Amino acid sequence: MRFLFPLISSSLSSGHNFSSHFTSRLLHALSSKPPPSTVTTFFNCQSPPMAAAEESLRKALAEKQSAVEAKGNAVRALKAAKASKPEIDSAIEALNSLKLEKSSIEKQLQAAVNGNNGDGALTREAFRQAAVNTLERRLFYIPSFKIYRGVAGLYDYGPPGCAVKSNVLAFWRQHFVLEENMLEVDCPCVTPEVVLKASGHVDKFTDLMVKDEKTGTCYRADHLLKDFCNEKLQKDLSISAEKAAELKHVLATLDDLSAEELGAKIKEYGITAPDTKNPLSDPYPFNLMFQTSIGPSGLNPGYMRPETAQGIFVNFKDLYYYNGNKLPFAAAQIGQAFRNEISPRQGLLRVREFTLAEIEHFVDPEDKSHPKYSEVVDLEFLMFPREEQMSGQSAKKKRLGDAVSKGIVNNETLGYFIGRVYLFLTRLGIDKDRLRFRQHLANEMAHYAADCWDAEIECSYGWIECVGIADRSAYDLHAHSEKSGVPLVAAEKFSEPREVEKLVIAPVKKELGLAFKGNQKNVVEALEAMNEKEALEMEAALESKGEVEFYVCTLGKNVPIKKNMVSISKEKKKEHQRVFTPSVIEPSFGIGRIIYCLFEHSFYMRPSKAGDEQLNVFRFPPPVAPIKCTVFPLVQNQQYEDVAKVISKSLTAGGISHKIDITGTSIGKRYARTDELGVPFAITVDSAKDVTIRERDSKLQVRVGVEEAASVVKSVTDGQRTWEDVWANFPRHTSGLVDD
């Protein structure tokens with residue numbers, strides 16, 4: 001849940017029925033890898049060493065270009081001076097040699113910026129095209145309303161896509177809701193305006209937009225700047241290393257740019273409308289919510305919810321009671337959300353209707369420790385703190401416990417959820433080397449937030465924000481309490497009365513209204529959000545000077561605060577309990593984005609047996625795979641088909657999704673078809689007593705009795721044993737009949 005950068009994902013929801021073995025199934029799922037020498041791989045990611053190589057190559061190219069120009073001038077001078085033919089020929093030979101060296105550097109640089117080092121890896125674009133073509137052809141997803149030419153930003157999921165999403169959501173429930181004893185709710189998609197007014201979405205849920213000044217076509221401003229920088233870096237090899245560093249810095253700090261700064265960059269770089277090359281307007285905010293009305297009168301405005309979180313916040317009082325009036329506790333919700341994207345693109349990554357899975361963990365603001373923190377403290381993964389982003393560094397592996405103890409991550413509970421998100425994504429099948437946790441820059445965070453991190457996954461589109469993990473302090477409950485008049489608070493009862501000293505910040509709304517008019521609310525909220533140190537410093541300054549400059553984040557500027565505008569004091573009271581508004585730690589998951597990245601991380605190509613074509617494979621872990629097993633009679637034979645039906649019944653009884661293929665197609669082609677769907681196991685029936693079980697990635701096969709086949713597949717997909725165990729304990733099959 002974020003005003004300016006909400007997660008985009010795609011749809012599906014599922015029930016609670018789920019195997020207790022799911023987590024262990026995932027832990028074993030990636031044990032079989034395809035032989036690297038036979039595989040066309042994902043494009044190579046640009047690691048820090050490669051980024052350094054790019055910089056040195058740009059410098060080398062600039063130097064070589066200067067050398068070519070100098071030698072060209074020397075050749076022309078020799079010709080003008082009518083030098084001897086051997087002397088001119090020697091100079092021309094040296095010039096041609098320099099041009100060849102320059103061409104070689106250009107090729108190396110092009111490979112570096114495309115993420116392809118020449119070792120057989122595909123470029124990003126070629127890899128993406130191969131993966132997306134396969135996904136759409138096999139009906140994982142397709143554009144919605146296709147026969148009517150579709151609508152941008154809307155997609156339908158076919159049978160295998162729905163199955164993958166169902167499995168991902170089932171694992172999410174297992175990993176978070178069940179293991180963390182969360183309270184799951186399901187709230188309406190249509191939300192009254194008053195709720196979203198209180199949350200700030202009506203005023204602040206915006207992206208910056210620019211218009212083609214002649215045609216009126218709208219574009220998202222930051223996307224145009226991002227596309228310009230990426231295109232210059234990838235296609236213009238002549239830019240200097242310094243210019244390349246500048247463009248990379250713009251990309252790294254893009255989310256930190258204000259509307260004015262974004263507009264200035266667009267003008268500085270001469271960016272025009274992509275379709276017409278017409279000039280663009282200055283950036284201005286566009287609210288991304290779909291508006292509607294509730295009831296026939298049209299007098300009760302509402303919106304399609306842009307997130308699921310508000311339903312949890314407004315139900316806090318009842319959930320707190322349901323939990324025995326105890327903190328901490330977490331509530332979770334999976335559901336549809338909607339965003340009227342300015343310019344949807346990048347397939348499933350930026351859509352207008354999507355599925356969010358959100359957790360709101362309510363905690364005492366004075367105690368953000370977590371009882372299970374020790375379980376994640378030793379995890380190491382790529383982290384990208386804001387200081388390292390601003391200084392142009394790359395993400396580096398850090399121990400989570402060190403990041404928390406050094407204050408890089410604000411508190412234990414936030415750190416715990418960062419660790420749990422890392423485990424969820426990597427167990428799901430996301431490559432840990434293409435997963436990083438990036439801390440929000442200062443201007444990305446709301447003024448009330450204590451700390452925010454995004455789990456970003458690298459795919460062919462670059463680094464994509466897929467999960468946001470934020471410490472939102474007490475803002476949301478406080479905002480709904482104020483607007484509704486219902487106190488959304490928790491209480492800590494004391495065994496004996498305590499004398500406490502309380503800080504009281506009392507903005508004088510009448511004076512602030514006279515001074516700031518329409519901005520009064522922003523100033524009041526900022527004053528009330530001050531911590532004790534800030535408030536006492538302001539009190540001292542007002543006593544000595546009578547006026548102080550005060551920065552209001554939501555206005556983006558300093559405002560003058562006079563002594564008559566606010567009262568700050570400390571009062572002593574005896575209390576039997578401490579009443580407080582809980583803080584919220586919020587992990588928010590864009591399910592569609594995670595699934596698309598999983599598609600890319602699982603996709604690879606390998607040559608056919610004849611070597612005359614490349615076969616597509618999805619390396620899904622068995623628990624995520626849309627179908628766990630296929631059953632093939634080797635040839636069309638009634639006896640084999642009857643055996644296949646017996647095995648099918650056993651698989652059904654064991655809860656294993658499967659498919660029977662009794663077509664007369666060659667077994668090799670049938671294997672290729674199911675590999676393309678990511679099916680991890682295939683049972684081939686070639687006798688009435690024994691069958692073969694083939695593993696997708698290794699293509700290894702074992703012989704198993706007919707009555708054992710279903711239980712062997714179930715034991716591997718449930719995580720009770722690994723494929724290595726099966727390979728070691730059953731006879732191995734090497735029949736020449738199989739053309740795989």
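Which residue stands opposite Glu 586 in strand E21? In this predicted model, the residue that stands opposite Glu 586 is Ala 470, and the pair belongs to a set of strands that is described below after an account of the chain as a whole.

The chain contains 24 helices and 28 strands, and its C-alpha trace spans about 90 × 90 × 55 Å along the principal axes. Of the 740 residues, 51% are buried, while the area that the chain exposes amounts to about 33600 Å², of which carbon and sulfur atoms supply 51%. Among contacts with a separation of 6 or more, 71% are accounted for by residues 24 or more positions apart.

Strand E21, which comprises residues 583-590, has eight of its eight residues buried, so it is largely enclosed by the rest of the structure. In a regular strand the side chains alternate between the two faces of the sheet. In E21 both faces are covered, with Ser 583, Ile 585, Pro 587 and Phe 589 buried on one side and Val 584, Glu 586, Ser 588 and Gly 590 buried on the other. Strand E16 (residues 462-471) is joined to E21 by five bridges, and the two strands run antiparallel; it is Ala 470 that stands opposite Glu 586. Strand E11 (residues 353-363) also runs antiparallel to E21, to which it is joined by six bridges. Opposite Phe 589 of E21 stands Ala 357, and opposite Ser 588 of E21 stands Glu 358.

Strand E11 is itself mostly covered, ten of its eleven residues being buried. Besides its pairing with E21, E11 is joined by ten bridges to strand E10 (residues 329-338), again in the antiparallel sense. Within that pairing, His 361 of E11 has Ala 330 opposite to it.

Phe 589, which lies on one of the two covered sides of E21, is also a member of the largest nonpolar core, a set of 73 residues in which Trp 172, Leu 425, Phe 437, Phe 589 and Phe 599 touch the most other members. The element that gives the most to this core is helix H15 (residues 412-428), which provides ten residues. When neighbours within four places in sequence are left aside, Phe 599 is in contact with Leu 135, Phe 140, Tyr 141, Val 164, Leu 348, Phe 618 and Phe 620. A second core, separate from this one, consists of 24 residues, among them Val 631, Ala 644, Val 704 and Val 713.

Two open sheets of three strands may be described in turn. In one of them the strands follow the order E6-E5-E7 with antiparallel pairing, and the edge positions are held by strand E6 (218-220) and strand E7 (284-287), each of which pairs on one side only. From one strand to the next, the twist of this sheet averages 55 degrees. Four bridges join E5 to E7, and Leu 208 stands opposite Pro 285 of E7. Helix H8 packs on the sheet and touches both E5 and E6, its direction making about 65 degrees with that of E6.

Strand E5 (206-211) and helix H8 (221-235) are also included in what covers the buried residues of helix H10. In H10, which comprises residues 259-268, the buried residues are Leu 262, Gly 263 and Ile 266. Viewed down the helix axis, these buried residues fall within an arc of 100 degrees, so they line one face of H10. Glu 260, Lys 267 and Glu 268, by contrast, are exposed on the other side of the helix. Following H10 is Gly 270, which has a positive phi, near 65 degrees.

The other open sheet has the strand order E4-E9-E8, and its pairing is likewise antiparallel. Its edge strands are E4 (190-192) and E8 (291-293), each pairing on one side only, and the twist averages 40 degrees from one strand to the next. Strand E9 (residues 301-304) pairs with E8 over three bridges, and in this pairing Gly 302 of E9 has Thr 292 opposite to it.

Note on methods: Residues are numbered from 1 along each chain as its sequence is written. This is a predicted model: local features need pLDDT of at least 70, side-chain atom pairs count only at pLDDT 80 or more; totals for chains, interfaces and linings use all residues. Side-chain values use heavy atoms; hydrogens and water are left out. Buried means under 20% relative accessible area, exposed over 50%, partly exposed in between (1.4 Å probe, protein chains only). The arc is that of the directions from the helix axis to the C-beta atoms. Contact means heavy atoms within 4.5 Å. A nonpolar core is a set of buried Ala, Val, Leu, Ile, Met, Phe, Trp, Tyr and Cys residues joined through side-chain atoms within 4.5 Å. Two strands pair if DSSP finds at least two bridges between them. Axes are lines fitted to C-alpha atoms, for helices over the stretch in contact, and angles run from 0 to 180 degrees between N-to-C directions. Accessible areas come from the Shrake-Rupley method with a 1.4 Å probe; for residues, only the protein chains shown count as cover.
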